[in-house]
Amino acid sequence: MTLSALLDRCRAQDAKAQRLLYERYAGRLFRVAQRYMKDRMEAEDRLVSTFQKIFVHLKKWNTKTKPAPGSG
């Protein structure tokens, strides 16, 4: 599934799509968080809060006009 299609399904509150999005990108985001946070637990907390923000604000983000994360 393309990222655009996955995001469309996430916008429609599809729990399976949200889980897939998390599974695809959590590892990368966690590694970035670990570089900036003092310990593993803090990085995990930041990862969770990041995905919460993504899902809350996803409907406002138009993937047709803005590049997808990690696409560039």
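Visitor: Which are the buried residues of helix α1?
Guide: Happy to start there, bearing in mind that this is a predicted model. Helix α1 covers residues 3–11. Its buried residues are L3, L6, L7, C10 and R11.

Visitor: Within what arc do the buried residues of α1 fall, seen down the axis?
Guide: Looking down the axis of α1, the buried residues line one face of the helix. That follows because they fall within an arc of 140°.

Visitor: What do the buried residues of α1 pack against?
Guide: Two helices share this role, and one of them, α3, spans 40–57. The full answer for the buried residues of α1 is α2 and α3.

Visitor: Is Q18 buried or exposed?
Guide: Q18 sits in helix α2, which runs over residues 15–36. The cut-off for buried is under 20% relative accessible area. Q18 has 19% relative accessibility, so Q18 counts as buried.

Visitor: Which residues is Q18 in contact with, leaving aside neighbours within four places in sequence?
Guide: One of them, Q13, lies just after α1 and takes a positive phi of about 65°. Another, C10, is among the buried residues of α1. Altogether, Q18 is in contact with C10, Q13 and F55.

Visitor: How far apart are the end C-alpha atoms of α3?
Guide: At 1.5 Å a residue, the 18 residues of α3 should span 26 Å. The model agrees, because the end C-alpha atoms are apart by 26 Å.

Visitor: Which exposed residues does the face of α3 turned away from its buried side carry?
Guide: In α3, the buried residues are A43, L47 and F51. They cover an arc of only 75° around the axis, so they are on the same side of α3. The face turned away from that buried side carries M41, D45, K53 and V56.

Technical notes
Residues are numbered from 1 along each chain as its sequence is written. This is a predicted model: local features need pLDDT of at least 70, side-chain atom pairs count only at pLDDT 80 or more; totals for chains, interfaces and linings use all residues. Side-chain values use heavy atoms; hydrogens and water are left out. Helices (H or I, at least four residues) and strands (E, at least two) are DSSP runs, numbered from the N terminus. Buried means under 20% relative accessible area, exposed over 50%, partly exposed in between (1.4 Å probe, protein chains only). Contact means heavy atoms within 4.5 Å. The arc is that of the directions from the helix axis to the C-beta atoms. The expected span of a helix is 1.5 Å times one less than its number of residues.
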